[in-house]
Amino acid sequence: MAIVTPGETTADGRRTLRLASPATLEPIGEIECATEADVTAAVRAAREAQPAWSALSFDERARYMDRARKVLIERQEEVIETVLAESGKARAEAINMDIFAGCDSLCYYAKNAERFLRPQHKRPHGMMRFLKKVTVFYQPLGVVGVITPWNGPFILTLNAGVQALMAGNTVVAKPSEVTPFGGAKVRDLFDAAGLPDGVFNLVEGDGETGAALVEAGVDKIHFTGSVRTGRKIAEACGRRLIPCTLELGGKDPTIVTSDVDIPTAAAGTVAASFMNTGQFCCGSERVYVMSDIAEEFTDEVVRLVAAMRQADHGEFDVGAIFWDKQLEIIEDHLNDAVSKGAKVLTGGGRNPDLKGLYIEPTVITDVDHSMKIMTEETFGPIIPIVPVESEEEAIRLANDTTYGLSSTVWCNDEARGVEIARRIQAGSTCVNDMAVTYGIPEAPFGGRKDSGIGQANGEVGVRGFCHPQPVIVDRFKGKQTAQTYPYSSKNDKLTQRIIKILWGTPIGRWLS
Ligand code: NAD
């Protein structure tokens, strides 16, 4: 990211944005915002390229993804350095979230998209089974707009792009203006993999450019970002009658039961809360722990968090806040909590030793749901811990939110952990693990309530970039349909008799 400030307007009228590193506050570059005309041209290029791209076999499309994977492995340092420069996050996070997950995505969808999208023969029920053959064909939608946020500019653009492409669509991507260089690396990757012109296009810019993309005649928007923007996208897509998938924010709860191994649950909770400096859509943002172990658990969390290293270079665990606007939100939530009685056990504010955008890894207690830190998305390196008297109370508080993205349960008894998980109103839940759903394509990823509409990844995700078109073939070459007219009372009586037999008798219902 970075700190984004408006720059000069170019001679041909494009707005520019200047970016500074969140770690060093030094300038790291500038982007020109694509205009409406640029976006229209990108969509046109994608539209022209789409028929030839979708006419390729799955194997042919997979070969491009395989080449992109090889390029990603070869050029991983370049991607890592770009992501680190604009985010100030820990190197391990760029390696895991961007390179590891990127290679996995390219490989997985190259191998599996054909299986997800092969035509499906369906046997109609009842009498129709004797008359009709049904096959569902997964047709690409056409041109897909992929709009992504700043907290995962490379992987979120790549992963959605790969799925849309393997399904036979072409793509116009619009990464966040806060982290534009990581997003642009996806275009570089596909260019280096030799993708035909117009198949994967990228437009740089801010919300104006994103809004222009929604209006530019695409066939679907795959949006990842905030609830506020998600609502605008949904409205615009509704007006245009195009589908959208909305992967939005969260306020994910963690429940810790009495029987856990405390060091493991504490370490897992810390990992879930601090990954990507807490700027992880399904990172844990509030912890409900059974009161009989609350003190020991909290002490362990504090011990671990206090030992975390924060720095702007070299080896460290907790990096910068990627965006100055997010820093303001985090500070606001902390101040609000403290003013209402929250107790800071470690951390608690800006890191005075670093000049960049750094919030110290923080643990707070004495928090409740009157505070923003327990109800609004904070997106920062903070763990608020609440002792609870029962699992019922934990579940009630976990569900006391407008969000529903992900959630975590730490419970030694696996079956009970799953039972608790099933009662949490969230898109997904991890038991004895942290926020892994996005990395497991077999687990459809998406939010409930304000956290989104639709699901991404795996079979569901790839099919989401298609229209399932049933083709129905009459086994008797239309002979029966050809006898539709003239209507006659004799035929009406016959139909009514059939209705009585089929749904008015046990044997009929069994047959139908
Ligand atoms: P944001 O909504 O501000 O911006 C997201 C993208 O939308 C950016 O590219 C932005 O330029 C663009 N945009 C802004 N206004 C637009 C408009 N009117 N029309 C079209 N595009 C527009 O979100 P952000 O601050 O970049 O990202 C952080 C949010 O993303 C957090 O809430 C986080 O939880 C969420 N997120 C969700 C997931 C998920 O999978 N559910 C994953 C990552 C991040």
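Analyst: Let's begin with a term: two strands count as paired if DSSP finds at least two bridges between them. Keep in mind too that this is a predicted model.

User: Thanks! How many bridges join strand 16 to strand 17?

Analyst: The general idea is that strands of a sheet pair through backbone hydrogen bonds, either parallel or antiparallel. Here, strand 16 (residues 408–410) and strand 17 run parallel and are joined by two bridges. In one partnership, valine 409 is matched with valine 431 of strand 17.

User: What is the order of the strands in the open sheet of seven strands?

Analyst: Reading across that sheet, you meet 13-14-15-12-11-16-17, and the pairing is mixed. At the edges are strand 13 (343–346) and strand 17 (430–431), each of which pairs on one side only. A helix crosses this sheet as well: helix 11 (residues 291–306) lies across strand 11 (252–256), strand 12 (284–290), strand 13, strand 14 (362–365) and strand 15 (382–388). Helix 11 runs at about 140° to strand 12.

User: And what is the order in the open sheet of six strands?

Analyst: That one goes 8-7-6-9-10-18, again with mixed pairing. Its edge strands are strand 8 (200–202) and strand 18 (452–453), which pair on one side only. Take strand 6 (residues 143–147) as your guide. Five bridges join strand 6 to strand 7, and these two run parallel; valine 146 has alanine 173 of strand 7 as its bridge partner. Strand 6 also runs parallel to strand 9 (residues 220–224), through four bridges, and glycine 145 stands opposite isoleucine 221 there.

User: Which helix packs on the sheet, touching strand 6, strand 7 and strand 9?

Analyst: That is helix 8 (residues 207–214), whose direction makes about 160° with that of strand 6. Helix 1 lies across strand 6, strand 7 (170–174) and strand 8, running at about 150° to strand 7.

User: Which residues of strand 6 point one way, and which the other way?

Analyst: In a regular strand the side chains alternate between the two faces of the sheet. In strand 6, Val143, Gly145 and Ile147 point one way, while Val144 and Val146 point the other way. Both groups are buried, which fits the count: five of the five residues of strand 6 are buried.

User: Where does an antiparallel pairing appear?

Analyst: Look at strand 5 and strand 19 (residues 466–474): they pair in the antiparallel sense over nine bridges. Valine 134 stands opposite isoleucine 472 in strand 19. Strand 5 (residues 132–140) also has an antiparallel pairing with strand 4 (residues 120–122), over three bridges, where histidine 121 has threonine 135 as its partner.

User: Is serine 21 buried or exposed?

Analyst: A residue is called buried when its relative accessible area is under 20%. Serine 21 has a value of 5%, so it is buried. Serine 21 lies in the loop between strand 2 (16–20) and strand 3 (27–32).

User: Now the helices. Which residues of helix 2 are buried?

Analyst: An α-helix has 3.6 residues a turn, so residues three or four places apart point the same way. In helix 2, the buried residues include Phe58, Arg61, Ala62, Met65, Ala68, Arg69 and Leu72. The buried residues of helix 2 pack against helix 1 (36–55), helix 3 (76–87), helix 4 (91–117), helix 6 (153–166) and helix 7 (180–192). As for length, helix 2 (residues 58–74) has 17 residues and reaches 24 Å from its first C-alpha to its last, close to the 24 Å expected.

User: Why are helix 3 and helix 7 called roughly antiparallel?

Analyst: Angles over 145 degrees count as roughly antiparallel. Helix 3 and helix 7 pack at about 160°, with their axes 8 Å apart, and are therefore roughly antiparallel to each other. Helix 3 contributes Glu78, Val79, Thr82 and Glu86 to the contact, and helix 7 contributes Pro180, Phe181, Gly182, Gly183 and Lys185. By class, that contact has three nonpolar, three polar and three charged residues.

User: Which residues are buried in helix 7?

Analyst: They are Pro180, Gly182, Gly183, Ala184, Lys185, Val186, Leu189 and Phe190. Helix 7 has 13 residues and reaches 19 Å from its first C-alpha to its last, close to the 18 Å expected. After helix 7 comes glycine 194, whose phi is positive, near 80°.

Methods: Residues are numbered from 1 along each chain as its sequence is written. This is a predicted model: local features need pLDDT of at least 70, side-chain atom pairs count only at pLDDT 80 or more; totals for chains, interfaces and linings use all residues. Side-chain values use heavy atoms; hydrogens and water are left out. The expected span of a helix is 1.5 Å times one less than its number of residues. Buried means under 20% relative accessible area, exposed over 50%, partly exposed in between (1.4 Å probe, protein chains only). Contact means heavy atoms within 4.5 Å. Axes are lines fitted to C-alpha atoms, for helices over the stretch in contact, and angles run from 0 to 180 degrees between N-to-C directions. Angles under 35 degrees count as roughly parallel, over 145 as roughly antiparallel, 65 to 115 as roughly perpendicular and the rest as oblique. Ala, Val, Leu, Ile, Met, Phe, Trp, Tyr, Cys and Pro count as nonpolar, Asp, Glu, Lys and Arg as charged, and the others, Gly among them, as polar.
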